[in-house]
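Colleague: Please take one part of this model and look at it closely. Start with the chain it belongs to, then go down to single residues.

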Amino acid sequence: MKNSSTIIAAALIVGACAQPLKLTPDDSKIVLAHQLLDAPNPADRGPYAVKTLYYGSGTDRQRRYYRDSVAIKTKSVDASPFVSMSPEQAEDRKKYWGFDAKAFPINGRVWYPDGPGPFPLVLVVHGNHDMKDFSDPGYQYLGEHLASRGFILASLDENFLNGAMRNENDGRAWMMLKHLEAWRGFNDSSAGPLHGKVDMHNIAIMGHSRGGEAVGHAAAFNRLSRYPDDAKVKFNFNFDIKSVVAIAPVDAQYKPAGQFTPVENVNYLVIHGSHDGDVSAFTGLRQWQRVKFTDGKPWFKSAWYVYRANHGQWNTVWGSHDGGPRSARFLDLRGLISPEEQRQFGKVVIGAFLEATLHNKREYLPLFRDHRVAGGWLPKTMYITRFQESGYKTLADYEEDVDVTTGSSGVTLLGDSLATWKEDALNLRWQNTPMNDNGVWLGWNRHIAGDDTTKLGKPASYTIAFSDTLSRSMHVDSRSSVYLSIAPTDARPGPRQPAKDSTKKDSPKTKSRSSGKKPEAKDEKDTTTIDLTVELIDANNVTARLPLTRYGMPRRPLETHVLRRADRERSQFANTYEIVLQTYVMPLSDFVAASPQFQPDKLKAIRLVFDRSPVGTIILDDVGVSAIDPAFLAQARP
Amino acid sequence: MRTTVLRLSGTAALLVLISHASLSQCINQRLVTSASTRGLAMGNSNTASRDDDVIFYGPAQLAVARGTSAAAERVSPRLGNGTFASTARIATGGVGIGVQLAEGSNENRCEFRQLSRVLAVVGAAQTYKRFRFGIAGKYAAEQADSAQTSRFMVDAGVSRDFSLADFLPLTLALAVQNIGTSAADTVALVTPLRVALGAATGGPLGPLDVGLASDVAVERNDTLSLVKHGRLIAGFGVEVGYSWLDGYSFSFRAGERVPPTRTDERHFTFGAGLVLDRLSIDYAGEDLVGFRIAHRIGVRLR
């Protein structure tokens, strides 16, 4: 008896507060069952032999390769306007590195194809990490891979900006642009090994973590003539940055002129792991929302939420322990996909994005509209993806006003038989940080309150209707597509109240029953699959209907527990899931095929009919239409 | 509210323990020096510690110390002592209070039959350009039978963190204690002017956490001689810990010391600790003359 008490006490102490592994059941066997994209796998090695070189100061105190092995020597730059630190910090860093912010080196390691070129240039910059555990070698797998496929990849050394520094993200971005200046020189210098090999009109910048935020600033600085925080500092970059990739980025650690960084007219890709133990919220979605297309050119943006991926496995130096070598004490690492799978995902998605945007290989575009077309390439986990291209026109983004019955100008919103209908702000799960985005919550329950549990009311619906003027101005036709972004939640509204029979007098019995409050509409957690019908209505009141699931899997929130201690998880996170909406792009031609009398050029309303699941709640955002490039729609409908 | 209740109950428990640890050997005529359970287990090396009870060893580390603790030591069936300490961080500084009590009765070498001592300390520290400067005011009182002695004193200290070989943290702390007491004063209430230098370091070693601490001190006596009626006091200790979950760990400690004169303290000390989130429970044992072991138990809330 005494022994068993001791064992129980010991078990309680050892297991104190640690939570069991909780994951959402994997549906990838169904969702990723098909490989429809008929193109070479972007994760396969390409035809080029790969060469490597280092460029840098040639005087580095800590790294032999930046001291003894540089093929191209570079001049240091004065980054002091962008980097502030305490005198003690400056002293420590100078002691370790041998230089201060007035003389930051332009160091990089390069993987490039063995060929005449010119090849598109991709710069990748790491984020914050232990400054003495150098981060720049961690993208070798990506460098070798992309170089074999005809890209030049340079991994930039910004380790000297790492460690306990704050407010340096503008410095990271500016350094990136100074690297591009150096690259212009490498390409122009007839004596150098990279002479004429660099396609300076096809540039991508890629960053990880704080570097992922910095690429947004770099894209913005690239078009500015002066530093927003000190106009005495002049900029003159104007590089042809076509594509921006943010890997698990932070957001708004630096705000130029006190504002969120605006990014315009680039292709933008952001990827983030659900089990990120460092940046434990999909903050990159905020920058994704802020990317605008204003010049009429064919840009697109794509966001990927990767279930069970972490922060560091996209960098081989960082690895699985997002909080440092001993972070297994507080991070729950059991649910992570393997480093190989995570990097395979990086090769597929980043590879396809760069192939599509820098090599103009349009066959990869459908991957970003609907990831289910590449079931054979993607590692078997669950993904939620956002997508938008420059043809998109907003009908409702729920930020226009506080009137739930109006959307964009000329758009009317109408709910019928809904249990929940409200517009609200979307928050990130980490401490309820604002996502700076709004949506509408739509909940329904067809069950009628009472003893007969089989009794169902009419399906609830939500209609987005637009005026004739707007309809005409959108130039919608059979080549257009409807956009919806939807996330089912786990809320389950209570049953609907029976319709009152006005011809009957209340008997004393019914009176006593109804005299109190309404039967409680319990918001229970719901885990069943959800589906709904998307109904398009033309000016002749002809409707065309298709199920939403034809365009993607509307999943319940993906259960995410990053920390081992349940109490710490509760104190840090508002929810056990991140609300990430899935974008559904539905070609109008599909609706015509389903209902040949339907005339898409006379589209006057989009209606969501909640008839396929009796109970549920969804968050809806970014309802719109687009004259989308048909290349995105190839290989649709797995 | 819960913290306050815990603090009060800890203090009450301490007083009960102390009141029961009376009557027996009066070991020495010195004010009890060991005031930290963890520190005692590591050769009574606590000057560079970051625990709240560092207030008894020097005030500079109050700038970084955390927690509230209570501890009781049973030196013998008739002699005990106990401490209570609490600190609070304020911006880049910190403040702390500490109370130490000792109760005992006659022993063969003592002239008196009953002994009661109390030491109260209030201190504050501030960080300035990486250095931590601290100062503390102390009140010590003793009643030996009907004779009463008391005095006010001051402690001052400075400490700083360094980095050994660019990766191993090292804390050095210097403390000057009992300023305001003269050598003649120490006949009754032994509080000699004392200068101590403490060092503490630690870091990961495989899956374990290893900590090292040492103190070296000299005390003033009539001749300022280290060998006559006073000596070099030193201690060294090692701690090996293992954490299986963030905030939960256990550790074992051992120490070696060169104790001051006129005490029954001998060289070897040892102990163990268990951390359960915000609660720590520590045990220390110290080797005494006559093959006796004094036991000390402390609890700490962070």
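**An open sheet in chain A**

Modeller: In chain A of this predicted model, 79% of the contacts with a separation of 6 or more are between residues 24 or more positions apart. The chain has 15 helices and 27 strands. Its C-alpha trace spans about 95 × 80 × 45 Å along the principal axes. The radius of gyration is 27 Å, which agrees with the value near 26 Å for a compact globule of 638 residues. Of those 638 residues, 48% count as buried.

Now to the part itself. Five strands of chain A form an open sheet, in the order β16-β19-β26-β23-β24, and their pairing is antiparallel. Its two edges are β16 (411–416) and β24 (543–547) of chain A, since each of these strands pairs on one side only. From one strand to the next, the twist averages 15°. As a general point, strands of a sheet pair through backbone hydrogen bonds, and the pairing can be parallel or antiparallel.

The edge at β16(A) can be followed further. Its partner is strand β19 of chain A, residues 460–466. Six bridges join β16(A) and β19(A), and the two strands run antiparallel. One residue pair shows how they line up: A:Val411 stands opposite A:Phe466 in β19(A). A:Val411 is at the start of the range 411–416 given for β16(A), and A:Phe466 is at the end of the range 460–466 given for β19(A).

Conventions:
Residues numbered from 1 in each chain as written. Chains lettered and ligands numbered in written order. Predicted model: local features only at pLDDT ≥ 70, side-chain atom pairs only at ≥ 80, totals over all residues. Helix = DSSP H or I, 4+ residues; strand = E, 2+ residues; numbered from the N terminus. Rg over C-alpha atoms; globule rule 2.2 N^0.38 Å. Buried ≥ 20, exposed ≤ 12 C-beta atoms within 10 Å, placed from the backbone. Contact = placed C-beta atoms within 7 Å. Pairing = 2+ DSSP bridges. Axes fitted to C-alpha atoms, helices over the stretch in contact; angles between N-to-C directions.
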